[in-house]
Amino acid sequence: MKKLSLRTRVLTGAVAAAALGAGTFGAMSANASAPAAAPAAAVKADTANQNLQQTTHLTVAAATKAAQAALDAAENENQRVSVAVVDRNGNTVVTLRGDGAGPQAYESAVKKAYTAVSWNAPTSELAKRLEQVPNLKDIPGTLFLAGGAPVQVKGAPVAGIGVAGAPSGDLDEKFAKAGVATLAK
């Protein structure tokens, strides 16, 4: 790429600054002279509306309860782990980093939870699918290692719990399932 001369760079910067200033001044002038807009009318919607879909999400309290149960199960076996709970959309709701958990455990727990809820299956089962479809591991945000479990309502995923940091994925998944079991009580 050709390097621009000092003169060209200065002129380009001046033009950009002038355009930005004019836009800001114009926006301020328009806002100062325009009357306040009337509030938008409330949109009426109910669950019978065909354009809406109801979904089930864990409350923060329920997600915290599940995460704490998973962490407690790990601590009862002297394991240092991190726990993550994500909602149906894969958004992190709660994370708990146990005392002494490794630095990699936090991110791994979130990814395991995300993977479990995305495929509505324990991540140990999903890891087996990599033999047939190895490029699954390339999907951003996923981690195909044991330690993630979905939370289901009527067979549909509503959340995922991920645990990471124990010496084996089987232990991580055991602890994640302890969190799921707490929600069934």
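This tour goes from the whole chain to helix α3 and then to one residue in that helix, Thr115.

**Whole chain.** Start with everything selected, bearing in mind that this is a predicted model. Colour by secondary structure: five helices and four strands should appear. Traced along the sequence, their order is α-α-β-β-α-α-β-β-α. Next, switch on the surface. The exposed area of the chain is about 11800 Å², and 57% of it is supplied by carbon and sulfur atoms. Of the 185 residues, 32% count as buried. Among contacts with a separation of 6 or more, 62% are between residues 24 or more positions apart.

**Helix α3.** Select residues 103-119, which form helix α3. Show side chains for the buried positions: Ala105, Ser108, Ala109, Val110, Lys112, Ala113, Thr115, Ala116 and Val117. Lys112 and Ser108 are on that list along with Val110 and Val117.

**What covers α3.** Keep the helix displayed and add the elements that cover its buried residues. These include the strands β1 (82-87), β2 (92-97), β3 (148-153) and β4 (156-164). The cover also includes the helices α4 (123-129) and α5 (169-183).

**Thr115.** Now centre on Thr115, within α3. Is Thr115 buried or exposed? Its relative accessibility is 0%, so Thr115 counts as buried. Which residues is Thr115 in contact with, leaving aside neighbours within four places in sequence? Select Thr123 and Leu126, then Gly141, Thr142, Leu143 and Phe144.

**After the helix.** Finish at Asn120, which follows α3. Check its backbone: phi is positive, near 50 degrees.

Methods. Residues numbered from 1 in each chain as written. Predicted model: local features only at pLDDT ≥ 70, side-chain atom pairs only at ≥ 80, totals over all residues. Heavy atoms only, no water. Buried < 20%, exposed > 50% of the residue type's maximum accessible area, 1.4 Å probe, protein only. Helix = DSSP H or I, 4+ residues; strand = E, 2+ residues; numbered from the N terminus. Contact = heavy atoms within 4.5 Å. Areas by Shrake-Rupley, 256 points an atom, 1.4 Å probe, with all protein chains shown as cover.
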